[in-house]
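This briefing is for a reader at the bench who has the sequence and the model open side by side. Its topics are an annotated site, a group of charged side chains and two sheets.

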Amino acid sequence: MTPRTTESPKPTEEAERAALAGARRIVVKVGSSSLTSIKGGISEKALTALVNALAEKRNAGTEIILVSSGAIAAGLAPLGLAKRPRDLATQQAAASVGQGLLMARYTQAFGAHGVTVSQVLLTADDLMRRTQHTNAFRALDRLLNLGVVPVVNENDTVATHEIRFGDNDRLAALVAHLVRADALVLLSDVDALYDGPPSQGAKRIPLVRGPQDLENVTIGKAGKAGVGTGGMMTKVEAASIAAGSGIHALVTSTANAAAALAGEDVGTWFAVNGNRKPVRLLWLAHLASVQGRLLLDDGAVKAVRDRHTSLLPAGVSGVDGEFEAGDPVEMVAPDGTVVARGLVNYSSAELPRMLGRSTKELGKAMGRGYDREVVHVDDLVLV
């Protein structure tokens, strides 16, 4: 008689939060609204309170990476700007002024606890390309091994609209994955995710085990402070990215930072619901700016979606948009449904004469280099 097998019981929320208290490596993200205001620039009180909690955790042996917004907001007052600028050039100027001010405050506040900090500025390109993200990991890992707290921000001074993360919440999720963190903590001025507007008596959502737990939840966008780019929506997206790739995530307020790091019942806990993935595929699924579309026939849809194979020229029936080799594109079924995203091996100018033909035929007719997949399975993610 074959013995019956039973699934291992899922760890309780309390056990998972306790794991956060004992985590080896944590990425903490703090938003502009928690650190700065348009009128007052950087809030010394808020920054010091946050640093006190993080430094205590670091001095207890936990490796901390701080992903900090606030550079643009910190640069507004010195430049005489009344509000966050909309044009990219002025945003870049404000970031250039504010980043130095922000790092000076962090250096002083952490230094009071005997903790050294470093500045790490990243663009999406740094996590998209294999060589750059390997170098980014190596640098961050070495800093942590030396006992440093890296302070990470998007490189707003040089980032363009096309290659921006869009907000530091998603940057934090990718950094957590890059450095193989045990947990991601997202801090803002809201203490948790609620099932509706808190002002209308909504209840805190203490635990999210998957997308199904958020189906009927209305999630807010950017808050009233006027200095940030995110909101609860981007925090939920970032926490979901982390949880879906094997990393515990918690969304709570900056005021709850110490309690959160101690594993207390604060905020909203996002339970792990997936396995770790290559960081390039996370970028492709959640951040990549799609440059075009490949129209697939039914056979190619089944191959890509059901059998998880590469996309071959024979299965592509049409091309939409202009793109170069290496650009991210969407793969679309005959009914218009987006099946996957991937990094294409050919430009939109090359592909039309290749459609519907086998790689063997293309190799003979067009020469070496044309016998490759249109999108290799390693550069493809289902959506």
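A residue counts as buried here when its relative accessible area is under 20%, and because Ser69 has a relative accessibility of 10%, Ser69 falls into that class. The model is a predicted one, and the values below are computed from it. The bullets begin with the annotated positions, move on to the salt bridges, and end with the sheets and the helices that lie across them.

**Annotated binding site**

- An unreviewed UniProt entry lists Ser69, Asp156 and Asn168 under "binding site", and annotations of this kind may be inferred rather than shown by experiment.
- Ser69 is placed in the loop that runs between strand S4 (63-68) and helix H4 (71-76), whereas Asn168 belongs to helix H8, which covers residues 168-178.
- Leaving aside residues up to four places away in sequence, Ser69 is in contact with Lys29, Val30, Gly31, Ser32, Leu35, Leu102, Asn153 and Asn168.
- Asn168, with a relative accessible area of 7%, is buried, and its contacts, again without residues up to four places away in sequence, are Lys29, Val67, Ser68, Ser69, Asn153 and Glu154.
- Two of the listed positions therefore touch one another, because the contacts of Ser69, defined by heavy atoms within 4.5 Å, include Asn168.

**Salt bridges around Glu63**

- Side chains of opposite charge can pair when their charged atoms come close.
- The model holds eleven salt bridges, and Arg24, Arg25, Glu63 and Asp141 are linked by such bridges in a network.
- Glu63 and Arg24 form one of these bridges, with 3.7 Å between the closest N and O atoms; since Glu63 lies in strand S4 and Arg24 in the loop between helix H1 (13-21) and strand S1 (25-30), the pair ties together parts that are 39 residues apart in sequence.
- Are Glu63 and Arg24 buried or exposed, or partly so? Glu63 counts as buried at 13% relative accessibility, while Arg24, with a relative accessible area of 44%, is partly exposed.
- Glu63 also meets the side chain of Arg25 in a salt bridge, at 2.7 Å from N to O; here strand S4 supplies Glu63 and strand S1 supplies Arg25, so the pair ties together parts that are 38 residues apart in sequence.
- Arg25 in turn forms a salt bridge with Asp141, the closest N and O atoms being 2.9 Å apart, and because Asp141 lies in helix H7 (residues 130-145) while Arg25 lies in strand S1, this pair ties together parts that are 116 residues apart in sequence.
- Arg25 has a relative accessibility of 3% and so counts as buried.

**The eight-stranded sheet**

- Eight strands make up an open sheet with mixed pairing, in the order S5-S6-S4-S1-S7-S9-S10-S8.
- Strand S5 (117-122) and strand S8 (207-208) are at the edges, each with a single partner strand, so that one side of each is left without a neighbour in the sheet.
- Within this sheet, S1 pairs with strand S7 (residues 183-188) in the parallel sense over five bridges, and Val30 stands opposite Leu187 in S7.
- Helix H5 (residues 88-111) lies across S1, S4, S5 and strand S6 (149-154), and runs at about 150° to S5.

**The five-stranded sheet**

- A further open sheet, also with mixed pairing, is formed by five strands in the order S12-S11-S13-S14-S15.
- Its edge strands are strand S12 (316-321) and strand S15 (380-382), each of which pairs on one side only.
- Neighbouring strands of this sheet are turned by 25° against each other on average, with direction ignored.
- S11 runs antiparallel to S12, to which it is joined by five bridges, and the bridge partner of Leu294 in S12 is Val319.
- S11 runs parallel to S13, with four bridges between them, and Gly292 has Val329 as its bridge partner in S13.
- Val329 also has a bridge partner in S14, namely Gly342; strand S13 (residues 328-332) and strand S14 (residues 338-343) run antiparallel and are joined by five bridges.
- Along strand S11 (residues 292-296) the side chains alternate, with Gly292, Leu294 and Leu296 buried and pointing to one face, whereas Arg293 and Leu295 point to the other face and are not buried.
- Helix H11 (residues 279-286) lies across S13, S14 and S15, and runs at about 130° to S14.

Methods:
Residues are numbered from 1 along each chain as its sequence is written. This is a predicted model: local features need pLDDT of at least 70, side-chain atom pairs count only at pLDDT 80 or more; totals for chains, interfaces and linings use all residues. Side-chain values use heavy atoms; hydrogens and water are left out. Helices (H or I, at least four residues) and strands (E, at least two) are DSSP runs, numbered from the N terminus. Buried means under 20% relative accessible area, exposed over 50%, partly exposed in between (1.4 Å probe, protein chains only). Two strands pair if DSSP finds at least two bridges between them. Axes are lines fitted to C-alpha atoms, for helices over the stretch in contact, and angles run from 0 to 180 degrees between N-to-C directions. A salt bridge is a side-chain nitrogen of Lys or Arg within 4 Å of a carboxyl oxygen of Asp or Glu.
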